[in-house]
Every structure is written in structure tokens, then in C-alpha cells.
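User: Can you walk me through the metal sites in this one? I have the structure open.

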Amino acid sequence: MKRILLFLVVLGLFSACGQRQLVEPELPRPVPDDSISFNPPKNIILLIGDGMGIAQITAGMYSNGNQLNLERCKYIGLHIPYSSDNLVTDSAAGATAFACGIKTYNGAIGVDPSKKAVPNIVEQVSAMGMETGLVVTSTITHATPAAFYAHQPRRDMYEAIAADLAASEIDFFVGGGTTDFVGRQDGRNLIDEMRNNGFFLTDSATVSFDKVQIPFDKKFGYFSSPNAPVKASEGRDYLPLATQKAIQYLKRNGGKKGFFLMVEGSQIDWGGHANDSDYIVSEMLDFDKAVGAALDFAEEDGNTLVIITADHETGGYSILPGSEMNKIRPGFTTDSHTASLIPVFAFGPGQELFTGVYENTAIYHKMVRALSLSKKLQP
Ligand code: MG
Ligand code: ZN
């Protein structure tokens, strides 16, 4: 109840602060969600390809026999990714839009433009008894996953973000970043603290991910690297398997209350920053395998909504004249992010909600609507 009130207060403050934004407040773009009827899904799997614009998807497709798992989705839309203080968003504001349903400033993790915490979907679905998980190829404290459990004014506050993970409702996670949990400036050992709070935690130095026995009676965390995980082209291959294992784990109790899982192909973005087309393509194809694993489950399950999108495009990447199938001649206009519209692919019950053109914040509101949470969230 407190949380709901806080949410409303925060929403009110946010609209009151509209004047301070550099970018125009978001325009009302009515999407006829209310006229769409469907059986609510029990589970949602949100897959985010960081920095994955249309050209990244196309390059992946042309480098993979002209096909991707993404194509199995027949409901496709576009989101408008700007943040509250910049037409070009960063991953922190982008992920906060998905996780919390608000536009905020670049660098913000789960807080609004006045730096107040805003409830995120993980907190909201956990309160309804749903299980939650995160699987990423960056550190688990990196901006995209962080927005799903943390509330901090700056994305580089990694130790504070790690402490927020330890205190969160997350049941299952896989990602790098042990160093934010031990050897900290405040002297806390979050690994010990989390183990004492019912977590089974292990890491890549102890056992490779494919050999881990995941205990179903504890929360589960796997550190895939002390810092940032290596590239897919250097042997990192856990993302598709971790996606499968996360699903198995999250539905282990007969899947009674359902689950929310966020999977991130974190390094498509890093290939864009490096203006390295081969890096983009290999990360894109690794991410698409995770997409395949999610869609395989959703097809069989019939009660799972899968959403695949990106926070923004990176690199102003393009496929130049002279390119051939399996041989991209790339171009880049920047080593930073760009402001282009971003595709959204949906599959499963509620998929119809995701067609059209809408703000990035609508992804959150559509997930809430799909789960029929909106009524329950009202006081
Ligand atoms: Mg990211
Ligand atoms: Zn980036």
C-alpha cells in the first residue's frame, strides 16, 4: 500500500517537474490497448539487445543464412527511445523506462528526474507472488539489469547497486561483477550476506555454467566473471543456456504464480561503441540464440509473453553498398548511441498490445496491462 502511494506521489511529482526537462514531455500517443482482448499471460520474458537497432538486426540476419529467431514473432512495433534530458538516451534511462514506466535523465537507475525512487516491475510482480530473474552478458550491476532492482541517482554507483541487488526480490541471476560484492570500500561482504539470506551463489572460477547444479530450494546467483564477461567471440557462450535454466528454475513450483525474466544481450552495444561490425554480429547472433530459447519455451507453454527490443541504437551502424550475404561492409556515424526508433517484437498472449508506435515507457505499461496488474496496482 505504501509503495502504491509512493508510486502515485512520484508520478505526480514527475508531471509537476515536466518544465525542467530539456526535451518536450512525452506526447500523448493513444494506443487502443483497451479494445484489445486476450487471455493474460502467466509469465513475461523481456529480452533486451543493448544497442540493437534495425541495422544490427539486419547484419545479424545477413550473417546467419538470412534468418533469425526474432522472425518467429508476428507482432512488431516501434518505440521512441529519448530520455527526459537528452534526445539520445543511455542504457540507464532506457532500462528505467522499461522497468518503471517513466522517462528519466541519462544515468538514472530506477529514479525519476528529481532522483526519487520509482517502483519497478520486479518489485510489483514479486509482491503478487511471481518469481523474478535476470540473465546478462555484462556485470549484473551494469545499467540495464540494475534498473530492474536498484534505485540510485548514478549508474556508476556499482557498490550501492550491488547492495540493492542483495536486498532485492530477485530469485535468480546470472552475470559478471563479483568485485562489486566483495572487497568493497564499505567492508561489507555481500556474497556472505546473500548466502545467509538463502542464496546459493557460485562463480565461473568454481564451476563453468553448464556444469552448475541449480538447487531449486534456494535463490540462485552465478557470477560469470569477476568483472565484465568476455566477448562471445572469445568463448563466452552461457547466455542461451542460462536463459533456458532461468526458465526451468522460475517455473519449478509448477509455475503457479508465474514469473518475470529479463535477458540482456549486453555487448551488442559494446560492439557499436567499438565500431566493430564483427563484434556486433557475433553478439547479435548469441542474443538471437537466447531469443530462440525463450520462444521455444513460450511456444510449448502457451502462457508466456515474450518481448524482444533494445534500449537504443549504438554506432549509427549501417550496411554499406558492396555488402554481400555473410560479408557486411559496415559504416558508422558515431562511437556513441543514436536516437532512432527501436523495433519491438512480441510473441504469446498479449502480443497484440505491442504493435504501433509508442514511447519506450509504454513497454512497462503494456507489460502491466498484459499481466492485468493495472487494476491491482490501484489503491
Ligand atoms: Mg546494457
Ligand atoms: Zn552504450
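Analyst: What follows goes through the metal sites of this predicted model.

User: Which residues coordinate the magnesium ion (ligand 1)?

Analyst: The magnesium ion (ligand 1) is held by Asp50 through OD, Thr144 through OG1 and Glu264 through OE, at 2.0 to 2.2 Å. Along the sequence these donors follow the pattern D-x93-T-x119-E.

User: Where do aspartate 50 and glutamate 264 sit?

Analyst: Aspartate 50 is in the loop between β1 (43-49) and α2 (54-62), and glutamate 264 is in strand β7 (residues 259-265). The pair is 214 residues apart and links distant parts of the chain.

User: Is aspartate 50 buried or exposed?

Analyst: Buried, because its relative accessible area is 3% and the cut-off for buried is under 20%. Glutamate 264 is also buried, at 0%.

User: Now the zinc. What are the protein donors of the zinc ion (ligand 2)?

Analyst: Asp269 is listed twice, each time through OD, along with His273 (NE2) and His337 (NE2). These atoms lie 2.1 to 2.3 Å from the zinc ion.

User: Why is the arrangement of the four donor atoms irregular?

Analyst: The angles around the zinc ion run from 57 to 150 degrees. A tetrahedral site needs all angles between 85 and 135 degrees, so this arrangement counts as irregular.

User: What about the spacing of the zinc donor residues in sequence?

Analyst: The pattern is D-x3-H-x63-H. Histidine 273 is in helix α9 (residues 268-273) and histidine 337 in strand β12 (residues 337-338), so the pair ties together parts 64 residues apart in sequence.

User: How accessible are histidine 273 and histidine 337?

Analyst: Histidine 273 is partly exposed at 32% relative accessibility, while histidine 337 is buried at 14%.

Notes
Residues are numbered from 1 along each chain as its sequence is written. Chains are lettered from A and ligands numbered from 1 in the order in which they are written. This is a predicted model: local features need pLDDT of at least 70, side-chain atom pairs count only at pLDDT 80 or more; totals for chains, interfaces and linings use all residues. Side-chain values use heavy atoms; hydrogens and water are left out. Donors are N, O and S atoms within 2.8 Å of the metal (3.2 Å for Na, K and Ca); water is not among the atoms, so sites may look incomplete. Helices (H or I, at least four residues) and strands (E, at least two) are DSSP runs, numbered from the N terminus. Buried means under 20% relative accessible area, exposed over 50%, partly exposed in between (1.4 Å probe, protein chains only). Four donors count as tetrahedral if all angles lie between 85 and 135 degrees; four count as square planar and six as octahedral if opposite donors are over 155 degrees apart and all others between 65 and 115; anything else is irregular.
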